[in-house]
Amino acid sequence: MDSILKENRQQFIEKKIIKKDPKNESRSVLLDWPLKQASTYNYYSYYAVSNFVDHNPNFPNLLQDYNCGVRTYDTQNGYNHQGQDIFTWPFDINMMDNNHVEVIAAAPGIILYKEDGNFDKNCAMNNLNWNVVCIIHSDNTVVWYGHLKMNSLTSKIAGDAVIAGEYLGLIGSSGSSTGPHLHFEIQDNDNNVIDPYYGDCNNTAPSMWNVQKPYYESTVNVLMTHSAPPVINSCPNPHSMNAENNYQPGDPIYFAAYYHDQRANQNLHIKFTGQITPFLVHGITA
């Protein structure tokens, strides 16, 4: 990837599509959130964050994210996670199959590289090729949008311009991936990784986000009712949601609250109206 991006960047400079290393504009581009729900999907929220950039260069299992926590990973062979992983939640495979979450450009720029056509239901870290869009910005930072769904990528090609919020593809699980998610990675002009988050363990530059989300963004993604307990199947099998909104007298109803970033001792208060017999409520957490 690094060598391809360097070669494409040089070609774009020669063709005057982009400027050559605008030093005075270093890290001047601010980012919006790179995902949105499709118009046919209306959960309160649709994602959770599993990993940030690993700032500890040692390995294995020697971790430090921008907030001095350990919400990241490294591997036995020395890879320290270089981006942010944002996964779909709940029922990730079903959401992928139904095209519920779109990947969008976090800032305006030029498509530097695009790869599509690779298998998109991978469930292991096995170095398969991924589907990816890479966009270079006016300050020469490059954002990778990786693990996208096969044949979902924008029809635009390398050299075409995109605007902030423009559709780039759909969440998938292509490449080395254990489930549907977006790998969002930023590099500078020399292919050095940039962490866009500002925190106690990444405080040499301001945040690159227009609005930086909190480290823990405790949210109920959706409240659902089910005709039977949902069955979470192993990747890549769709989950048996057993979702139901219509019931007859005497039918069992299973209530579920799907969280992300739920913290210890946080409480959720749910109010039911009407004549309801005693029941249990179970929360499912990402």
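Residues with under 20% relative accessible area are called buried, those over 50% exposed, and those in between partly exposed. By this scale Cys 68, at a relative accessible area of 40%, is partly exposed. The views below show a predicted model.

**View 1. Disulfide between Cys 68 and Cys 201.** The sulfur atoms of Cys 68 and Cys 201 lie 1.9 Å apart. The torsion about their S-S bond is about 105 degrees, so this disulfide is right-handed. Cys 68 belongs to the loop between β2 and β3 and Cys 201 to the loop between β11 and β12, so the bond ties together parts 133 residues apart in sequence.

**View 2. Disulfide between Cys 123 and Cys 235.** Here the sulfur atoms are 2.0 Å apart. With a torsion of about -80 degrees about the S-S bond of Cys 123 and Cys 235, the disulfide is left-handed. The pair links distant parts of the chain, with Cys 123 in the loop between β5 and β6 and Cys 235 in the loop between β12 and β13, 112 residues apart. Cys 123 has 28% relative accessibility and counts as partly exposed; Cys 235, at 29%, also counts as partly exposed. The structure holds 2 disulfides, and their pattern is 1-3, 2-4 when bonded cysteines are counted along the chain. Cys 134 is buried, with a relative accessible area of 0%.

**View 3. Stacked rings of Phe 52 and Tyr 215.** A search of the whole structure finds 17 aromatic pairs. In the pair of Phe 52 and Tyr 215, the ring centres are 5.7 Å apart and the planes meet at 20 degrees, so the rings are stacked. This pair links distant parts of the chain: Phe 52 is in the loop between β2 (47–51) and β3 (84–88), and Tyr 215 is in the loop between β11 (193–194) and β12 (219–226), 163 residues apart. Both Phe 52 and Tyr 215 are buried.

**View 4. Edge-to-face rings of Trp 89 and Tyr 258.** The ring centres of Trp 89 and Tyr 258 are 6.2 Å apart and the planes lie at 70 degrees, so the pair is edge-to-face. Trp 89 is in the loop between β3 and α2 (92–97) and Tyr 258 in strand β13 (residues 254–260), 169 residues apart. Trp 89 is buried at a relative accessible area of 15%, and Tyr 258 is buried at 1%.

**View 5. Aromatic cluster and charges over its rings.** Ring pairs join a cluster whose members include Trp 33, Tyr 46, Phe 52, Tyr 66, Trp 209, Tyr 215 and Tyr 216. The charged end of Arg 71 sits over the ring of Tyr 215, 5.1 Å from the ring centre. Over the ring of Tyr 216 sits the charged end of Arg 263, 3.7 Å from the centre.

**View 6. Helix α1 and its buried side.** Helix α1 (residues 2–14) has 13 residues and reaches 19 Å from its first C-alpha to its last, close to the 18 Å expected at 1.5 Å a residue. Its buried residues are Leu 5, Asn 8, Arg 9, Phe 12 and Ile 13. These cover an arc of only 140 degrees around the axis, which puts them on the same side of α1. An α-helix has 3.6 residues a turn, so residues three or four places apart point the same way. The buried residues of α1 pack against β5 (109–115), β6 (132–136) and β7 (142–146). Exposed Ser 3 and Glu 14 are on the face turned away from the buried side of α1. Just after α1, Lys 16 takes a positive phi of about 60 degrees.

Conventions. Residues are numbered from 1 along each chain as its sequence is written. This is a predicted model: local features need pLDDT of at least 70, side-chain atom pairs count only at pLDDT 80 or more; totals for chains, interfaces and linings use all residues. Side-chain values use heavy atoms; hydrogens and water are left out. Rings of Phe, Tyr and Trp (its six-membered ring) pair if their centres lie within 6.5 Å; planes under 30 degrees apart count as stacked, over 60 as edge-to-face and the rest as tilted. Helices (H or I, at least four residues) and strands (E, at least two) are DSSP runs, numbered from the N terminus. Buried means under 20% relative accessible area, exposed over 50%, partly exposed in between (1.4 Å probe, protein chains only). A charge sits over a ring if NZ of Lys or CZ of Arg is within 6 Å of the ring centre and within 35 degrees of the ring normal. The expected span of a helix is 1.5 Å times one less than its number of residues. The arc is that of the directions from the helix axis to the C-beta atoms. Contact means heavy atoms within 4.5 Å. A disulfide is a pair of cysteine sulfur atoms within 2.5 Å.
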